[in-house]
Amino acid sequence: MSAEIDVIPHIAPKAARVRREVIYRHTFLVRLTHWLNALTIFIMIGSGLNIFNAHPHLYWGQKGSELDRPFLSIDAVDGARGPRGITTIGPVKLDTTGFLGVATDHGQVLQKAWPSWLTIPSNQDLADARHWHFFFAWILVANGAVYLLWGLLSRHLKRDLWPTWRDLKSIPRSVLDHIRLRHPTGEAAKRYNVLQRLAYLGLIALVSLMVLTGLTMSPGFDAFAPWLLDLFGGRQSARSIHFFCASGIVAFIVVHLTEVVLAGPINEVKSMITGRYAVPPEHDREPALSPEGPPCP
Amino acid sequence: MPLITRRTALTTSAAGLGLGLSGCSKILFADKLTASSDFQHVLARGEAWTLASQRFLLSGGALAREYSPADISPKFKPNGTLYPGGEDYEDAVNEDFVSWRLKVDGMVARPLSLSLPELRALPARTQITRHDCVEGWSAIGQWTGVPVGLLLKAAGPFPQAKYAVFHCADNLEGEPAKGGEQAPGQYYESLALVDAVHPQTLIAYGMNGRPLDVAHGAPLRLRVERQLGYKQAKYIQRIQLTDRLSGLYGGKGGYWEDRGYEWYAGI
């Protein structure tokens, strides 16, 4: 640990408490649907990975089994010193032993695509994982529908998420600010910045795609809406897109949590629980960077 | 003042990472919940909602997509039982299934017992459809057979009959466990009558223009095109009409259903 960024002397917190403006940032409905969505997506990813483990291959088109050619496979193959986890993406073969294909769980070497610590339930059980997945899929859809409907009617989506022309023009500057770990202060901190807006809208798009590609995998729903098969190029394509969108959601979560931590985890998490957000004061914007350069480890 | 120091950021991230690595299931007590029958009861509501919504959406009797001959899988993956054991089946294979009978009985006015030539003489349907395994893979094949609805009409089900149960010749003894313990057992399946009389629900005897081969269920198998692969029972000997599933085998209406899978396999 080198340069400490906290350059403000000890009297600062007291002074800051006086100065800080508190606004009501998140309505009750946003907070409720946010946490329900967070829990549900966590469960959907965990149970989804368990389901994936039942057939760890991805294909493009209407059909695909081990007798066809997958473009992605996670296998366990016998090596000279025990089983190796091999992940194959197109022509590329990667040794992923320890994480994908072969991993150790409580001292036991298990041959499965995704390791036990990532899946729900932790042991390989397709039947139970499906029960989890399809129950919480209903919660995800119901919760998402309530949020979207309310978001449209209350104009939350239009007002808070839909980027304005000015927002779009500020993308380059916002990207630069994010790279330099500078977060908006004062008036600017009272509204979502353009990258936030795009990220949240992107998440809505990803979750919607998850639901649609998930339904395309259902032979019953396909009979009702065969156009889904055409939209996604087949059931196996839909399954692959389902996996890609899940990866996109994982990427969102990583960035989202990183930003929460960087922007002030206590204030941010508190605001998503109580709705009240302490606006970072304006003039503290400058010393965010140490003089030697960006505070990167 | 800066809203966050590097130290706070690193500690929080490390705590988060540690929490994650300890296990997704552990954080939510997911394994304990899975083992609780009360919680399984809650999860089972999901299946009930899925069944109710798909019954509603498919109330017009929509057909599963049918494909063109060019879409047929060059190799259709056989799954489950690949060769039923037992002397009876061995003999049946050796004599080319000449004495194989399909019985239709239970809650019917006119029980039937049909030989393969008799079945082949009935009006047939040929369809090229996609087979979706619960594990995630799909294969496309062409099936020829007698619509189950036709057989039921001939047998005349009693008004109180609710299910068609398909009894099979294969015993999945020794099938490796999927997760938990798995007892050996006779394969069987069941459908609600609304699915049994759907025009694409067949007792198939032909696949890709040839008689069904042993790995794919010779001489007779079920095709239920709007449901998953485990519903497509093979080696069928008997269709029983009944008003309840509780008295049969494990009581859940199918070999895999008795082992934890959903009875309604439309998703």
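**Strands, helices and loops in a predicted two-chain model**

In chain B, strand β7 (residues 202–207) has 5 of its 6 residues buried, so the strand is largely enclosed by the rest of the structure. That picture, like everything below, comes from a predicted model. A look at the pairing of β7(B) shows some of its neighbours. Strand β4 (residues 138–147) of chain B runs antiparallel to β7(B), and 5 bridges hold the pairing. Here Trp143(B) sits opposite Met207(B). Strand β9 (residues 221–223) of chain B also pairs with β7(B) in the antiparallel sense, this time over 3 bridges, and Leu202(B) has Arg223(B) as its bridge partner. Then there is strand β8 (residues 210–211) of chain B, which is antiparallel to β7(B) and joined to it by 2 bridges. In that pairing, Gly206(B) is matched with Pro211(B).

β7(B) and β8(B) form a hairpin with 2 residues between the strands, and this is where Asn208(B) takes a positive phi near 50°. Asn208(B) is not a glycine, despite that positive phi. With 17 other C-beta atoms within 10 Å, Asn208(B) counts as partly exposed, because a residue needs 20 or more to be buried and 12 or fewer to be exposed. A little further along chain B, the peptide bond from Ala218(B) to Pro219(B) is cis, with omega near 0°. Pro219(B) belongs to the loop between β8 and β9 of chain B.

Turning to chain A, the chain splits into domain 1 (12–56 + 116–288) and domain 2 (59–113). The C-alpha centres of these two domains of chain A are 30 Å apart. Where they meet, 11 residues of domain 1 of chain A are in contact with 12 residues of domain 2 of chain A. On the domain 1 side, α2 (28–53) and α10 (235–263) of chain A each supply at least two of the touching residues, and α10(A) gives the largest share, 4 residues. By type, that side of domain 1 of chain A is made up of 2 nonpolar, 8 polar and 1 charged residues.

Chain A also has an open sheet of 4 strands, in the order β2-β3-β4-β5, with antiparallel pairing. The edges are taken by β2 (57–58) and β5 (92–95) of chain A; each has a single partner strand, so one side of each is left without a neighbour in the sheet. For β2(A), strand β3 (residues 72–79) of chain A is an antiparallel partner over 2 bridges, and His57(A) is matched there with Ser73(A).

Helix α7 (residues 194–216) of chain A allows a quick length check. At 1.5 Å a residue, its 23 residues should span 33 Å, and the end C-alpha atoms are indeed 33 Å apart, which agrees. The buried residues of α7(A) include Val194(A), Val207(A) and Met210(A). Among the elements covering the buried residues of α7(A) are α3 (126–153), α8 (219–224) and α10 of chain A.

Two loops of chain A round off the picture. A cis peptide bond links Ile120(A) to Pro121(A), with omega about -10°, and Pro121(A) is in the loop between β7 (108–112) and α3 of chain A. Arg155(A), in the loop between α3 and α4 (156–161) of chain A, has a positive phi near 65° although it is a residue other than glycine. Arg155(A) counts as exposed, with 10 C-beta neighbours inside 10 Å.

Terms used: Residues are numbered from 1 along each chain as its sequence is written. Chains are lettered from A and ligands numbered from 1 in the order in which they are written. This is a predicted model: local features need pLDDT of at least 70, side-chain atom pairs count only at pLDDT 80 or more; totals for chains, interfaces and linings use all residues. Two strands pair if DSSP finds at least two bridges between them. Domain bounds come from an automatic or database domain assignment. Two residues are in contact if their C-beta atoms, placed from the backbone, lie within 7 Å. Ala, Val, Leu, Ile, Met, Phe, Trp, Tyr, Cys and Pro count as nonpolar, Asp, Glu, Lys and Arg as charged, and the others, Gly among them, as polar. The expected span of a helix is 1.5 Å times one less than its number of residues.
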